[in-house]
Amino acid sequence: MERKGVRFMEDREYGQIGSYLTGDEYVIWKGAPVKGHLFTPQDLYMIPFSLMWCGFAVFWELSVIAADAPLFFKIWGIPFVAVGLYMVAGRFFVQAYMRKHTCYAITSKRILRIRKKQMDSLNYRLSPERRVSQNRDGSGTIWFGDAGTPAARSYQMMPGQAGRAGFVMEQIPEVNRVMQILAEQESGTDRNNRIEV
């Protein structure tokens, strides 16, 4: 499945998948977020909002410093400036770091998401509604259940919450093929394609 322009993790990182398999469970598909796609559809709203937030917070902080306001007011504005800077730029670095250390696998029983040494899984036969968005190159994101709602996607933009708004397979290659594999597994019509891990 590896294609030009698609970043796959080193074999040693994919090797973690095997340690999470149980009994006769086997891997049908594995992948990692593709490079690029820095911006998401939510950024259409998030970027203007973050610029306004950060601009006002910086204006407030500079104003109270210039007016030699009491120390309380000078300190009061610092967290708002920090949050504004995170929303404008910091979140992109956090999201890139999270993607770099994430891989996914679809097994004969469930979906695995491994981030560093942490793993969470979702039984696709019991999985909630799925939403998908596709990029021009065929990659895309699959949201499961409430993770695909606008509120959950916005929550993911907040400091420290990247990747915590429900179960998401983010920026995976050939997203339609992955949706097809999930549908086959869910209906029991999979072709028993195994991948060595």
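## Two open sheets and some charged pairs

Glutamate 129 is exposed, at 52% relative accessible area; here exposed means over 50%, buried means under 20%, and partly exposed is anything in between (1.4 Å probe, protein chains only). This is a predicted model, so local features need pLDDT of at least 70 and side-chain atom pairs count only at pLDDT 80 or more, while totals for chains, interfaces and linings use all residues. Residues are numbered from 1 along each chain as its sequence is written, and side-chain values use heavy atoms, with hydrogens and water left out.

**The chain as a whole**

- You're looking at six helices and seven strands, taken as DSSP runs numbered from the N terminus (H or I and at least four residues for a helix, E and at least two for a strand).
- Walk along the sequence and the order reads α-α-β-α-α-β-β-β-β-β-α-β-α.
- The chain has 197 residues, and 42% of them count as buried.
- Take the contacts (heavy atoms within 4.5 Å) with a separation of 6 or more: 65% of them come from residues 24 or more positions apart.
- The accessible surface adds up to about 11200 Å², with 61% of that belonging to carbon and sulfur atoms. Those areas come from the Shrake-Rupley method with a 1.4 Å probe, and for residues only the protein chains shown count as cover.

**The four-stranded sheet**

- One open sheet runs β1-β2-β3-β4 with antiparallel pairing; two strands pair if DSSP finds at least two bridges between them.
- β1 (27-31) and β4 (118-122) sit at the edges with a single partner strand each, so one side of each has no neighbour in the sheet.
- From one strand to the next, the twist averages 20°. For angles, axes are lines fitted to C-alpha atoms (for helices, over the stretch in contact), and values run from 0 to 180 degrees between N-to-C directions.
- Strand β3 (residues 111-115) and β4 run antiparallel and are joined by five bridges.
- If you want to find that pairing on screen, look for arginine 115, whose bridge partner in β4 is glutamine 118.

**The three-stranded sheet and its helix**

- The other open sheet has the order β5-β6-β7, again with antiparallel pairing.
- Its edge strands are β5 (130-134) and β7 (168-172), and each pairs on one side only.
- Here the twist averages 10° from strand to strand.
- β5 and strand β6 (residues 140-144) run antiparallel, with five bridges between them.
- Two spots to check are serine 133, which stands opposite threonine 141 in β6, and arginine 131, which stands opposite tryptophan 143 in β6.
- The β5-β6 hairpin has five residues between its strands, and glycine 138 there takes a positive phi near 95°.
- Helix α6 (residues 175-187) packs on this sheet and touches β5, β6 and β7; the helix direction makes about 160° with that of β5.

**Salt bridges**

- The count comes to seven salt bridges, where a salt bridge is a side-chain nitrogen of Lys or Arg within 4 Å of a carboxyl oxygen of Asp or Glu.
- Lysine 109 pairs with aspartate 24, with the closest N and O atoms 3.1 Å apart. This pair links distant parts of the chain, 85 residues apart: lysine 109 is in the loop between β2 (102-107) and β3, and aspartate 24 is in the loop between α2 (16-19) and β1.
- In that pair, lysine 109 is partly exposed at 35% relative accessibility, whereas aspartate 24 is exposed at 57%.
- Aspartate 68 pairs with lysine 74, and their closest N and O atoms are 3.3 Å apart. Aspartate 68 is exposed, with a relative accessible area of 60%, and lysine 74 is partly exposed at 22%.
- Back to glutamate 129: its side chain meets that of arginine 131 in a salt bridge (3.9 Å, N to O). Arginine 131 counts as partly exposed at 26% relative accessibility.

**Cysteines**

- Searching the whole structure for disulfides turns up zero, using a cut-off of cysteine sulfur atoms within 2.5 Å.
- Cysteine 54 is buried at 9% relative accessible area.
- Cysteine 103 also counts as buried, at 2% relative accessibility.
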